[in-house]
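Hi,

Here is the structure I promised to pass on. Have a look at it first, and my notes follow underneath.

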Amino acid sequence: MRTHAQAVVIGGGLVGCSILYHLAKLGWTDVILLERDELTSGSTWHAAANIHGLHDNNNVTRIQHYTMNLYKQLEQETGQGCGVFQPGSLYLAQTEAREHQLRLQEAKARFYGLNFHEISREQARELHPLAQFDDIRCIMYEPDGGNVDPSGVTHAYAAGARALGAEIQRFCPVTGTEPQPDGSWIVRTEKGDIHTQWVVNAAGLWGREVAAMAGLDLPLQPTEHQYFVTEAIDEVAALGRRLPSIADRDGEYYFRQEGNGLLIGAYEKDMRFWAEDGTPLDFAHDLFPDDLDRIMENVIRATERVPVAATAGVKRVINGPMIWSPDSNAIWGPVPELRNYFCCTGIIPGFSQSGGLGLLAAQWMIEGEPQYDMFAWDLARFGDWAGKNFTKARVADQYSHRFAIHFPNEERSAGRPARVRPAYEMQKQLGAVFGLNCGWEHPLWFADRPGTVETTGFTRQNWFEPVGQEARMLRESVGVIDISNFANYVVKGPGAHDWLDRLVANRVPTEVGRSCLTPLISVRGGVAGDFTITKVAQDEYMMIGSGMAERYHQRFFNMVDLPEGTTFEVATNRIAGFNIAGPKSREALQRLTNADLSNAAFPFMRSATTEVAGVTCLAIRVSFTGDLGWELHCAEEDQIRLYTALLDAARACGGGPVGGRALGALRIEKGYGSWGREYSQEYWPHEVGLDGLIKPDKDFLHKAAWLAIKDNPAREVLSIFEVDVPHDADASGGEPIFTPDGTPVGRVTSGAYGYTVGKSLAIGYANPAVAQPGDEVHIFILGKPHRARILHAPAFDPEGLRLRDQKPAMEGAK
């Protein structure tokens with residue numbers, strides 16, 4: 001066995017073997033995989049192994065499509081069969097909401113060139129003559145859908161990796177992982193130690209146990225999951241061909257052919273946790289006792305769909321473990337707090353995603369960054385707030401609602417609250433309906449009656465009018481927005497300026513009271529983030545960024561060494577904040593402070609530490625609403641006192657509290673981008689309009705990568721769209737955009753109704769070679785084309801006069 005390696009992959013299941021294969025494929029051949037038992041032990045061997053291409057997340061769709069195409073390539077490359085069956089998949093909609101979802105996926109498939117389209121009931125009966133579709137509103141067909149052989153795929157990855165020079169050691173348990181001062185690791189095994197550059201935790205059911213060796217606590221929880229295979233059915237055998245699978249997610253079951261029988265699986269409401277205190281080390285190719293009574297309601301619905309299944313005998317029952325994350329997405333990526341430790345576990349649809357998981361993991365380790373923005377999988381989306389109770393509650397909800405639609409703007413309540421600020425109870429009394437951001441509860445909107453529960457759907461919901469009232473109130477007078485879910489960082493010491501200046505692309509202020517907006521450049525030259533940096537005192541700065549990206553950004557902060565005597569603090573937990581904004585915000589705020597808030601004394605992008613209602617605050621003249629306003633940051637223990645005073649002052653001026661939904665609509669009216677939607681590593685600064693904030697005459701993180709792409713023609717341009725919506729639905733993000741003749745243009749990243757301008761709006765990306773400002777395009781809302789126009793400028797205050805509290809030039813001349 002090797003004693004040195006570029007990477008050690010721990011876990012010989014489907015995903016571990018895929019990562020090993022892709023590492024070798026991308027050039028790292030000095031790699032080794034360690035498996036405690038036999039390949040496929042754990043959850044791989046008993047998986048139903050269905051494959052499908054479409055996903056609600058556009059980038060997950062891309063990697064699932066890559067995975068489906070990879071299996072046949074693997075067979076040719078290795079000679080190892082993958083057991084690929086692709087008779088197609090039928091996706092059924094029993095409800096209007098499911099029909100909306102499927103039609104949107106059909107539009108996305110057309111955008112990405114995938115084969116997924118609507119068929120009639122008659123066509124569906126020809127494909128699957130044993131099923132009945134009388135109660136179905138809409139049927140989509142994916143010709144490439146099907147299933148693979150779990151063992152065959154895993155061994156094909158293994159064979160491909162070995163052929164490229166990688167090594168696999170079976171029956172070789174890992175007993176320890178020890179970090180070294182230079183960032184490398186010692187991996188301890190019963191067969192000897194390996195010194196490696198990277199550790200990859202792909203241990204599946206044992207992901208928690210392997211992580212604990214490195215001091216990590218991953219938010220993972222296994223459950224039981226059942227499916228069964230029937231005895232041979234004469235009607236199936238008589239067809240002489242393979243039937244397409246059926247995805248009836250409204251019925252909460254899945255259905256496909258297995259031999260001459262049928263495989264039926266379900267995600268039941270009466271779910272069961274397993275191994276809550278740790279996965280047994282002697283568990284391998286084991287199963288749990290059958291418990292079909294728990295899934296019988298689902299099975300009855302399945303047999304109503306395919307009646308011949310009702311009288312078939314049961315040949316085999318599989319009741320095995322699966323390991324889940326709180327949102328059922330992978331726990332994937334380098335651990336920000338450790339050097340060269342990569343996780344890839346908690347994967348549910350592994351056979352649809354294994355190739356993409358392996359490819360992007362290999363890219364991240366070898367090239368420094370994956371080609372796609374995969375924050376939906378990034379383990380950095382969770383922090384230590386996602387503890388055991390939160391994880392169990394969310395996993396129970398995810399499992400029992402596995403096939404439920406995730407509606408736009410939906411906020412599920414399981415496991416909450418995880419983190420709250422002092423003002424939480426006060427906001428509840430005000431009628432706040434809360435959202436979850438990086439564990440924090442923050443007000444989304446304020447209902448007339450406390451305790452109101454919002455509705456969900458693809459169309460405008462019960463919060464549409466209350467949010468509109470909040471947005472109009474702020475634009476007409478003043479609103480107070482809780483921004484305590486933003487991430488706050490404090491940098492102190494003699495090297496604070498130099499460190500920040502080497503980190504970000506804009507020039508960091510040298511004068512106390514000055515602020516700047518700046519992008520952070522990613523490894524490939526894209527936009528890794530955007531921040532407001534303020535010099536608050538000599539040798540002290542405050543940096544504010546996206547709350548959801550707090551742990552993600554830690555990776556970039558770690559890339560620049562702190563100078564001696566300089567400290568960096570993630571101060572989010574101890575700092576709370578509010579944005580007071582609107583044309584009367586100065587009048588309201590001036591009631592609470594002796595500071596001079598005039599334009600001359602306190603211009604845009606300036607700051608001051610001042611007393612507001614007796615509370616010491618860092619006041620920054622900036623607002624994400626695009627209106628006149630200040631951000632006020634205070635100690636968390638002063639939050640209620642400050643909030644109470646701000647609301648009283650706002651009400652005296654005709655204003656009041658405003659939630660995050662209204663803020664989202666207001667920033668879309670202004671065309672402001674948001675990290676995780678408009679800004680990500682995939683997009684170049686000149687594609688998103690941030691290139692003007694980059695100073696090429698200074699050094700900054702990944703400057704060489706930016707120089708390499710800065711003169712490239714924009715592939716897509718961040719654009720604002722005005723949409724004609726004859727019904728009560730707006731774009732929300734993810735909708736594809738086409739020209740009227742059907743040529744792909746781009747996709748929506750955010751959408752909302754612009755209450756101030758009285759128009760349905762969207763922000764998204766457009767290919768400048770296909771469509772330009774002024775052109776008509778079609779945005780597929782609810783999966784149907786809606787006429788839209790690319791605007792030349794933001795719909796609200798295009799000159800930015802409100803933000804700076806300036807009058808138009810003509811009016812000023814009078």
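**Helix packing**

Helices α2 and α9 are roughly perpendicular to each other (the label covers angles of 65 to 115 degrees; under 35 is roughly parallel, over 145 roughly antiparallel and the rest oblique). Before the details, note that this is a predicted model, in which local features need pLDDT of at least 70 and side-chain atom pairs count only at pLDDT 80 or more, while totals for chains, interfaces and linings use all residues. Residues are numbered from 1 along each chain as its sequence is written, and side-chain values use heavy atoms, with hydrogens and water left out.

The axes of α2 and α9 (residues 350–367) cross at roughly 100° and come within 7 Å. Axes here are lines fitted to C-alpha atoms, for helices over the stretch in contact, with angles running from 0 to 180 degrees between N-to-C directions. Helices (H or I, at least four residues) and strands (E, at least two) are DSSP runs, numbered from the N terminus. On the α2 side the contact (heavy atoms within 4.5 Å) uses V60, I63, Q64, Y66, T67, L70 and Y71; among their partners in α9 are F351, L359 and L360. By class, that contact has eight nonpolar, eight polar and no charged residues. For the classes, Ala, Val, Leu, Ile, Met, Phe, Trp, Tyr, Cys and Pro count as nonpolar, Asp, Glu, Lys and Arg as charged, and the others, Gly among them, as polar.

Helix α2 (residues 58–78) also packs on α1 (residues 14–25), at an angle of about 75° and with the axes 14 Å apart. That makes α1 roughly perpendicular to α2. Here Y21, H22 and K25 of α1 meet Y66, L70, Q73, L74 and E77 of α2, and the contact divides into four nonpolar, two polar and two charged residues.

**The open sheet and α8**

Next, an open sheet of eight strands with mixed pairing, in the order β5-β6-β4-β13-β14-β15-β12-β16. Its edge strands, each paired on one side only, are β5 (117–119) and β16 (314–324), and the twist averages 25° from one strand to the next. Pairing here needs at least two DSSP bridges between two strands. β4 (residues 89–93) and β6 (residues 138–142) are antiparallel over five bridges, with A93 bridged to C138.

β15 is worth a look: six of its six residues are buried (buried is under 20% relative accessible area, exposed over 50%, partly exposed in between, with a 1.4 Å probe and protein chains only). G261, L263 and G265 are on one side and L262, I264 and A266 on the other, so both faces are covered. β15 pairs antiparallel with β14 over six bridges and with β12 over three. In the β14–β15 hairpin, which has two residues between the strands, G259 takes a positive phi near 60°.

Helix α8 lies across β4, β12, β13, β14 and β15, at about 55° to β14. R305 sits in α8 (residues 296–305) and is buried, with a relative accessible area of 3%. Leaving aside neighbours within four places in sequence, the contacts of R305 include D135, D248 and Y253.

**The barrel**

Six strands close into an antiparallel barrel in the order β32-β35-β34-β33-β36-β37, and neighbours are turned by 45° against each other on average, direction ignored. Nine of the 11 residues of β34 (residues 744–754) are buried. β34 pairs antiparallel with β33 over three bridges and with β35 over eight. Both hairpins have a glycine with positive phi: G742 near 100° between β33 and β34, and G758 near 70° between β34 and β35. β36 and β37 are antiparallel over six bridges, with H778 bridged to R787.

**Cores**

The largest nonpolar core has 69 residues, and L500, L503, I533 and M543 have the most contacts inside it. Such a core is a set of buried Ala, Val, Leu, Ile, Met, Phe, Trp, Tyr and Cys residues joined through side-chain atoms within 4.5 Å. Apart from it lies another core, of 49 residues, among them V60, A330, F351 and Y372. M543 touches, among others, Y489, F531, F557 and F568, not counting residues up to four places away in sequence.

Best wishes
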